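The exercises below invite you to read a protein model step by step, with the sequence and the coordinates open beside the text. Try each task before turning to the worked solution that follows it.

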Amino acid sequence: MTKLYQWRKGLLFAVAFALISSSLCAQGVTTSSVSGQVLDESNESLPGASIVAIHNPTGTQYVTTTRSDGRFNLPNLRIGGPYTVTMTFIGYENRKADNVYLKLGENMNFTFVTKQSAQELAEVVVSASDLANKDKTGASVAFDNNQIRRMPTITRSAADIYRLTPSSDGNSFAGRNDQYNNFSLNGAIFNNPFGLDAATPGGQT
C-alpha cells in the first residue's frame, strides 16, 4: 500500500507540474503572427514581394518582404482585428485579404497566387538647378541668416557657426591651416593678420 500510495502521489505531482508549466507558457504569449507564401500563376515562388498587414482600428502597419522561396513571416502582431493583409509586386496583380482577425498565439497562414499584369510605369523626371558658382571648385556649404540666428553662440565666436560645415575642425577646414581662412562681410575683409599687415576693417590688427 505504501508503494502504491507513493506511486499515485508521484503521478499526481507530475500531472500538476505539467499543467502549471503549460499554463505559464501560455501566459508568456501575448501576440499573434502571420505567415505564408507568394506564388505566380505557374506556382513559382516570388521573392521580394511586399507584404503589409494593417491593423485597421489603429492604423499600425507591419511590413516584410518574401524570401527566396517566396515565404514570409510577420511575428508579434497584436491580437484582434480586423487586419488587411496586402501583397504587392511590380509587374504582378495585387492581392488582398480583408477582415482578418487574429487570436492569441495564432499563426495565420496565407497563400497569395498572383499573375503578371501589363503595367505602364509612370515617367520619372529628375530636375536640378545650378546654384553653384562655376568659378569656385571644391566643397562648399551655404547657410542663410535664419540658420545663423538659430545657432547657439555661447562663446560668441565664429567657430559656433563653423559647426554647420562638415569639413570644419575648429578654425581649420579639411585639415588646412587656419591662417589660410578668409573672412569677409558684405565684401569687406575681416581677417586678422596678427599685426603682420595693415589694419583691417573693424579695427583688427
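Helices (H or I, at least four residues) and strands (E, at least two) are taken here as DSSP runs, numbered from the N terminus. The model is a predicted one.

**Exercise 1. Describe the overall make-up of the protein: how many helices and strands are there, and in what order do the elements run?**

Step 1. Counting the elements gives three helices and 11 strands in the protein.

Step 2. Following the chain from the N terminus on, one reads the order α-β-β-β-β-β-β-β-α-α-β-β-β-β.

Step 3. Turning to the surface, the accessible area of the protein comes to about 15400 Å², and 54% of it belongs to carbon and sulfur atoms, while buried residues make up 22% of the 205 residues.

Step 4. Among contacts in the protein with a separation of 6 or more, 46% are accounted for by residues 24 or more positions apart.

**Exercise 2. Work out the open sheet: in what order do its four strands lie, and which are the edge strands?**

Step 1. The four strands are arranged in the order 3-2-5-6, and their pairing is antiparallel.

Step 2. Strand 3 (60–65) and strand 6 (95–102) are the edge strands, since each of them pairs on one side only, and the twist from one strand to the next averages 20 degrees.

Step 3. Strand 2 and strand 3 run antiparallel and are joined by six bridges, with Ile-51 standing opposite Thr-64 in strand 3. These two strands form a hairpin that has four residues between them, and Gly-59 in the turn has a positive phi of about 80 degrees.

Step 4. On the other side of the order, strand 5 (residues 80–88) pairs with strand 6 in the antiparallel sense over five bridges, and Met-87 stands opposite Arg-95 in strand 6.

**Exercise 3. Find the salt bridge of the structure and say how exposed its two partners, Glu-93 and Arg-95, are.**

Step 1. Side chains of opposite charge can pair when their charged atoms come close.

Step 2. The structure holds one salt bridge, and it is formed by Glu-93 with Arg-95, whose closest N and O atoms are 3.3 Å apart. Because a salt bridge requires a nitrogen of Lys or Arg within 4 Å of a carboxyl oxygen of Asp or Glu, this pair qualifies at 3.3 Å.

Step 3. Glu-93 has a relative accessible area of 27% and is partly exposed, and Arg-95, with 24%, is likewise partly exposed.

**Exercise 4. Look for unusual backbone geometry: which peptide bond is cis, and what are the phi values of Asn-76 and Asn-99?**

Step 1. Most residues other than glycine have a negative phi, and most peptide bonds are trans.

Step 2. The peptide bond from Gly-81 to Pro-82 is cis, with omega near 5 degrees, and Pro-82 is found in strand 5.

Step 3. Asn-76, which lies in strand 4 (residues 71–77), has a phi near 60 degrees, a positive value in a residue other than glycine. With a relative accessible area of 56%, Asn-76 is exposed.

Step 4. Asn-99, which lies in strand 6, has a positive phi of about 55 degrees although it is not a glycine. Asn-99 is exposed too, its relative accessible area being 57%.

**Exercise 5. Identify the largest nonpolar core and trace the surroundings of Phe-110 and Gly-36.**

Step 1. In soluble globular proteins, nonpolar side chains tend to be buried together.

Step 2. The largest nonpolar core has 20 residues, and those with the most contacts inside it are Val-38, Leu-77, Val-85, Val-100 and Phe-110. At least two residues of this core come from each of strand 1 (32–39), strand 2 (50–55), strand 4, strand 5, strand 6 and strand 7 (107–113).

Step 3. Leaving aside neighbours within four places in sequence, Phe-110 is in contact with several residues, including Val-34, Gly-36, Phe-72, Val-85, Ala-97 and Val-100.

Step 4. Gly-36 lies in strand 1 and counts as buried, because its relative accessibility is 5% and the cut-off for buried is under 20%.

Step 5. Not counting residues up to four places away in sequence, Gly-36 touches Gly-70, Arg-71, Phe-72, Asn-109 and Phe-110. The C-alpha atoms of Gly-36 and Ile-51 are separated by 9.9 Å, the two residues being 15 residues apart along the chain.

Methods
Residues numbered from 1 in each chain as written. Predicted model: local features only at pLDDT ≥ 70, side-chain atom pairs only at ≥ 80, totals over all residues. Heavy atoms only, no water. Salt bridge = Lys/Arg side-chain N within 4 Å of Asp/Glu carboxyl O. Buried < 20%, exposed > 50% of the residue type's maximum accessible area, 1.4 Å probe, protein only. Pairing = 2+ DSSP bridges. Axes fitted to C-alpha atoms, helices over the stretch in contact; angles between N-to-C directions. Contact = heavy atoms within 4.5 Å. Areas by Shrake-Rupley, 256 points an atom, 1.4 Å probe, with all protein chains shown as cover. Core = buried A, V, L, I, M, F, W, Y, C linked by side-chain atoms within 4.5 Å.
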